[in-house]
Amino acid sequence: MAARKGRSRTCETGEPMEAETCDPGTEGPSQVYLPGRGPPLSEGEELVMDEEAYVLYHRAQTGAPCLSFDIVRDHLGDNRTELPLSLYLCAGTQAESAQSNRLMMLRMHNLHGTRPSPSEGSDDDEEDEDEEDEEEQKPQLELAMVPHYGGINRVRVSWLGEEPVAGVWSEKGQVEVFALRRLLQVVDDPQALAIFLRDEQARIKPIFSFAGHMGEGFALDWSPRVPGRLLTGDCQKNVHLWTPTEGGSWNVDQRPFVGHTRSVEDLQWSPTEDTVFASCSADASIRIWDIRAAPGKACMLTTATAHDGDVNVISWSRREPFLLSGGDDGALKVWDLRQFKSGSPVATFKQHMAPVTSVEWHPQDSGVFAASGADNQITQWDLAVERDPESGETETDPGLAALPQQLLFVHKVRLT
């Protein structure tokens, strides 16, 4: 959440900004701030983060910007909520020079929840205890890096049995597979990490590389049902199928799947069928494919105008026959695959004011998803939510009436 200070406004949909100071003489009551919908900030108004909107909120920097990251599945359990939390991330940089890029493994741990504001009547002893607790609750970050020539467009992580691997799309037109076991080991052991950074990191190379796309791309997805099966799509409209072979290698079919007329932006395997996948493209279409057919005849279903412009990202629900898409038009659309032939989504949401750049269904809750956009917003949605007409919320705050009922939360990032 955030407040506008000066003529103070609060963003009830969650706007994390750094707390700012202002002339206390100009402060007034908090008002709702609606990103992209309300009036712009006036002179003397500033946004302030309301930490009470967050169970947990931490920030970290990686030096060079990262266009893509993926959560590395660990053995600490699913759907865990007990604090402090730990997680592993694999990310790739987009540095200014090709030689400066890195594939990174991050271990973030000791992640405690947001702290309540101290009460006005707290004494010195309580403040000392709070300082001690704050020291113990500092978040920790371990980072292992591998040199990578060229910016990394996308990273996707999978497990081949007990072996973690990362598929990496390079701006240099290659798709590479890196083994991650050693990186995961060293971020858990400070001594091993020091040795790795000193003696080993420069020697890490991909275990497999494919340069047959003849150009760069962004689309990449590992099959959740067939270990090692991979799809990669490029800016030349082609999609290639990778089949794992014995000895830790892959056979990449040189015959591309044919159907899209412009860049393939994203790919998603079906979570329930071994041979079915979805694709989206800058040609505005979404297509459903079956790899049992020849590549030139494998497209089974098409929605030719899924968005008004490029379709950037898709996510296939693990729980329901739903496909989620986001496009350059800023729209989020939910497609029921049982009705895909109709060409009409079952739901359309418009909150983002710029292209949608990422979408993801909740792994356990079938109706919940998140999205991010080039407007620096991250939004969370719940299809099951409906506004209670008798609650009087929209009368108390008319601005809420402009928001989609299913919008749960907005996290807006201010770039500096």
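Modeller: Let's start with a definition: a residue is called buried under 20% relative accessible area, exposed over 50% and partly exposed in between, using a 1.4 Å probe and protein chains only. What you see above is a predicted model, in which local features need pLDDT of at least 70 and side-chain atom pairs count only at pLDDT 80 or more, while totals for chains, interfaces and linings use all residues. Residues are numbered from 1 along each chain as its sequence is written, and side-chain values use heavy atoms, with hydrogens and water left out.

Biologist: How many of the residues of the chain count as buried, as a percentage?

Modeller: The chain has 416 residues, and 46% of them count as buried.

Biologist: And how many helices and strands does the secondary structure come to?

Modeller: Helices (H or I, at least four residues) and strands (E, at least two) are DSSP runs, numbered from the N terminus. Here the chain has four helices and 27 strands. To see how distant parts of the chain meet, we use contact, which means heavy atoms within 4.5 Å. Taking contacts between residues at least 6 apart in sequence, 55% join residues at least 24 apart.

Biologist: Let's look at one helix. Which residues are buried in helix α3?

Modeller: Helix α3 runs over residues 190-200, and its buried residues are A192, L193, F196 and E200. They are on the same side of α3 because they cover an arc of only 100 degrees around the axis, taken from the directions from the helix axis to the C-beta atoms. P190, Q191 and R198, on the other side of α3, are exposed.

Biologist: What do the buried residues of α3 pack against?

Modeller: They pack against strand β7 (140-147) and helix α2 (181-186). Look at the start of α3 as well: there a side-chain oxygen of D189 comes within 3.1 Å of the backbone nitrogen of Q191.

Biologist: How do I read a polar contact?

Modeller: It is a pair of N or O atoms within 3.5 Å; within protein, one must be able to donate a hydrogen and the other to accept it, and residues adjacent in sequence count only if both atoms are side-chain atoms. Try it on D329, in the loop between β21 (322-327) and β22 (331-336).

Biologist: Is D329 buried or exposed?

Modeller: D329 is buried, with a relative accessible area of 19%. The side chains of D329 and H307 share a polar contact of 3.1 Å, and the D329 side chain also reaches the backbone nitrogen of A331 at 3.1 Å. Leaving out residues up to four places away in sequence, D329 touches H307, D308 and K350. You can also compare sequence with space: N312 is 17 residues from D329 in sequence, and their C-alpha atoms are 9.8 Å apart.

Biologist: Which residues is T275 in contact with, leaving aside its neighbours within four places in sequence?

Modeller: T275 is in contact with R229, W269, W289, D290, I291 and R292. This residue sits in the loop between β16 (264-269) and β17 (276-281) and is buried, at a relative accessible area of 15%. The T275 side chain makes polar contacts with the side chain of D290 at 3.0 Å and with that of R292 at 3.4 Å.

Biologist: Could we see an exposed loop residue too?

Modeller: Take R318, in the loop between β20 (311-316) and β21. At 56% relative accessibility, R318 counts as exposed. Not counting residues up to four places away in sequence, R318 touches P271 and P363. The C-alpha atoms of R318 and H362 are 8.5 Å apart, although 44 residues separate the two along the chain.

Biologist: Now the backbone angles. What kind of peptide bond joins L83 and P84?

Modeller: A cis peptide bond joins L83 and P84, with omega about 0 degrees. P84 is in the loop between β4 (66-71) and β5 (85-93). N79 is also placed in the loop between β4 and β5. N79 is a residue other than glycine with a positive phi, near 55 degrees, and N79 is exposed at a relative accessible area of 54%.

Biologist: Where is N376 found?

Modeller: N376 is in the loop between β25 (368-373) and β26 (377-382). Although not a glycine, N376 has a positive phi of about 65 degrees. With 30% relative accessibility, N376 counts as partly exposed.
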